[in-house]
Amino acid sequence: MRGAPKAAITVREGDDRRDIVLGSEPLAIGRDPQNDITLDDRRVSRKHAEIRLRLGRYTLYDLQSTNGTYVNGRRVAEVVLADGDRLSIGGVELQFRATD
């Protein structure tokens, strides 16, 4: 059985930049400190979005957030991520990179 595809999310907040490697576990994004990626922005919901491995591809789900989740400038509820996709959550930009 093949493992999860290699991919990472780059989080940019101001001059701060960090990479989070994706795996088979869901990745929670939001303002709540219990999320895997915590975003300190009032426009971000406590539990804002989640990235899950589904059918061998990473899929982003908006968790009915107040201000929405955007991929490449379009508001999405659910989308399969492709290499280079830019995610906007509140005032924070994240980028999805497939490293396979």
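**A walk from the loops into the sheet**

Let's start at Gln64, which sits in the loop between S6 and strand S7 (69-71). Please keep in mind that this is a predicted model. Gln64 is not a glycine, yet its phi is positive, at about 55°. Is Gln64 buried or exposed? With a relative accessible area of 77%, Gln64 is exposed, because the term applies over 50%.

From here, step back along the chain to Leu55, in the loop that links strand S5 (49-54) with strand S6 (57-62). Leu55 is a residue other than glycine with a positive phi, near 55°. Its side chain is nonpolar, and the relative accessible area of Leu55 is 81%, so this residue counts as exposed.

The two strands on either side of Leu55 are worth following next. S5 and S6 run antiparallel and are joined by 6 bridges. One of the pairs to look for is Arg54 with Arg57, its bridge partner in S6.

Now widen the view to the whole sheet. How many strands form the open sheet, and in what order? There are 5 strands, arranged as S4-S3-S5-S6-S9, and their pairing is mixed. At the edges lie S4 and strand S9 (78-80), each of which pairs on one side only. As a reminder, strands of a sheet pair through backbone hydrogen bonds, in either a parallel or an antiparallel sense.

S3 is a good place to see the mixed pairing at work. Towards S5, the pairing of S3 is antiparallel, over 3 bridges, and Ile29 has Ala49 of S5 as its bridge partner. Towards S4, the pairing of S3 is parallel, over 2 bridges; here Gly30 stands opposite Thr38 in S4.

What covers the picture of strand S3, residues 27-30, is burial on both of its faces. Leu27 and Ile29 are buried on one side, while Ala28 and Gly30 are buried on the other. So, with buried meaning under 20% relative accessible area, Ile29 and Gly30 bring two threads together: Ile29 is buried and bridges to Ala49, whereas Gly30 is buried and faces Thr38.

To finish, let's return to the surface. Which residues gather in a patch of positive charge there? They are Arg31, Arg42, Arg46 and Lys47. Of these, Lys47 can be placed in the loop between strand S4 (37-38) and S5, which brings us back to the strand that pairs with both S3 and S6.

Terms used: Residues numbered from 1 in each chain as written. Predicted model: local features only at pLDDT ≥ 70, side-chain atom pairs only at ≥ 80, totals over all residues. Heavy atoms only, no water. Helix = DSSP H or I, 4+ residues; strand = E, 2+ residues; numbered from the N terminus. Buried < 20%, exposed > 50% of the residue type's maximum accessible area, 1.4 Å probe, protein only. Patch = residues over 30% accessible without salt bridge, like charges linked within 9 Å, V, L, I, M, F, W, Y side chains within 5 Å. Areas by Shrake-Rupley, 256 points an atom, 1.4 Å probe, with all protein chains shown as cover. Salt bridge = Lys/Arg side-chain N within 4 Å of Asp/Glu carboxyl O. Lys, Arg positive; Asp, Glu negative; His and termini not counted. Charge placed at Lys NZ, Arg CZ, Asp CG, Glu CD. Pairing = 2+ DSSP bridges.
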